[in-house]
Amino acid sequence: TIPLARGRSRSGSIKQLVSQAEKVAAEGGKEIVITGVNIGDFGKGREDNFFDLIQALDKVEGIERYRISSIEPNLLSEEIINWVANESRAFMPHFHIPLQSGSDEVLKLMHRHYDTALFADRIEMIRKKMPYAFIGVDVIAGARGETDEEWEKSREFIKSLDITQLHVFPYSERPNTKALNIGYVVSQSEKHRRVQQLVEISEQKYRLFVEDALGSIRTVLWEQPHDNGPMHGFTDNYLRVEAPYKEGLINRISQVRLSKYIDDAIMVEIIDE
């Protein structure tokens with residue numbers, strides 16, 4: 001139903017988006033998240049493409065950080081990964097890549113343009129170039145056609161991936177979709193069970209990622225805290241961290257050492273303001 005709601009895919013021009021970034025910089029913004037329904041298809045049907053766009057945005061003075069909100073694995077090219085790892089000034093080591101299922105049979109039913117082999121290749125490529133990169137992954141639990149056997153394949157594949165965190169969604173029916181023609185339906189209770197299993201996998205992977213990062217030095221862009229509470233911000237590789245309140249840090253980037261992980265909060269020592 002997404003194409004029905006949004007209409008034909010379309011995108012602005014590189015010139016327009018660079019202008020938007022320059023306006024954000026002039027207003028004091030330090031970070032931009034590039035968003036869209038399928039941003040990897042930027043410029044489709046024209047001579048420019050998504051790689052051309054991010055190269056142009058990288059040159060905008062004043063913007064210290066860019067993040068790519070979500071990009072399909074088949075559109076996340078080796079060229080883009082290498083550029084972020086080795087050449088980009090401001091694109092962060094942070095990727096969000098939709099998987100949806102770790103079963104090739106279910107991916108076919110979903111009409112996805114990739115399979116598990118390609119997905120695993122992209123994860124391995126990122127880890128080789130950027131071992132510290134945050135990798136978030138979308139997964140749908142209990143889609144039509146996801147039999148117990150296909151679910152087990154999916155779960156085992158997801159467990160095998162060297163990723164940071166899962167964004168888990170239970171499958172929900174939508175009218176006017178071809179999925180309604182798929183005969184095998186997962187019960188609500190089974191969907192819930194599968195969601196919980198994925199959440200547990202996600203929590204384990206995230207904790208291991210954080211624990212491995214303790215003691216390392218990263219940069220943090222500090223945000224406006226609520227009610228003068230502890231400062232919070234995100235590292236370049238998208239870990240949310242906290243430190244004692246200091247007004248002068250707001251909207252500034254500083255170097256920190258990740259020191260403690262207590263009650264799901266990552267505490268840091270500021271070493272360079």
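**View 1. Helix 8 and the lining of the second largest pocket.** Helix 8, which spans residues 188-213, contributes five residues to the lining of the second largest pocket, and no other element gives as much. The model shown here and in the views that follow is a predicted one. The second largest pocket has a volume of about 200 Å³, and among the 14 residues that line this pocket, those closest to its centre are P131, Y132, F209, D212 and A213. Sorted by class, the lining of the second largest pocket is made up of seven nonpolar residues, five charged residues and two polar residues.

**View 2. The five-stranded barrel and the helix packed on it.** Five strands close into a barrel, in which they follow the order 6-7-8-10-9 with mixed pairing. From one strand to the next, the twist in this barrel averages 55 degrees. Helix 8 packs on this sheet, where it touches strand 9 (253-262) and strand 10 (265-272), and the direction of helix 8 makes about 120 degrees with that of strand 9.

**View 3. The pairing of strand 6 with strand 7.** Strand 6, covering residues 217-223, pairs with strand 7, covering residues 231-235, in the antiparallel sense, and four bridges are found between the two. Within this pair, E223 stands opposite H232, a residue of strand 7.

**View 4. The open sheet of three strands.** Three strands form an open sheet in the order 3-4-5, and their pairing is parallel. Strand 3 (94-100) and strand 5 (165-170) stand at the edges and have a single partner strand each, so that one side of each is left without a neighbour in the sheet. The twist in this open sheet averages 20 degrees from one strand to the next. Strand 3 runs parallel to strand 4 (residues 134-141), to which it is joined by six bridges, and Q100 stands opposite V139 in strand 4. Helix 8 lies across strand 4 and strand 5, and runs at about 170 degrees to strand 5.

**View 5. A salt bridge between helix 7 and helix 8.** The structure holds 20 salt bridges, and one of them is formed by D148 with R194, whose closest N and O atoms are 2.9 Å apart. Because D148 lies in helix 7 (residues 148-160) and R194 lies in helix 8, the pair ties together parts that are 46 residues apart in sequence.

Methods: Residues are numbered from 1 along each chain as its sequence is written. This is a predicted model: local features need pLDDT of at least 70, side-chain atom pairs count only at pLDDT 80 or more; totals for chains, interfaces and linings use all residues. Side-chain values use heavy atoms; hydrogens and water are left out. On a 1 Å grid over the protein atoms alone, a cavity is a set of points where a 1.4 Å probe fits but cannot get out, and a pocket is an open set with protein on both sides within 12 Å along at least five of seven lines; lining residues have an atom within 4 Å of a point. Grid points are joined across faces, edges and corners, and a volume is the space filled by probe spheres set on the points. Ala, Val, Leu, Ile, Met, Phe, Trp, Tyr, Cys and Pro count as nonpolar, Asp, Glu, Lys and Arg as charged, and the others, Gly among them, as polar. Two strands pair if DSSP finds at least two bridges between them. Axes are lines fitted to C-alpha atoms, for helices over the stretch in contact, and angles run from 0 to 180 degrees between N-to-C directions. Contact means heavy atoms within 4.5 Å. A salt bridge is a side-chain nitrogen of Lys or Arg within 4 Å of a carboxyl oxygen of Asp or Glu.
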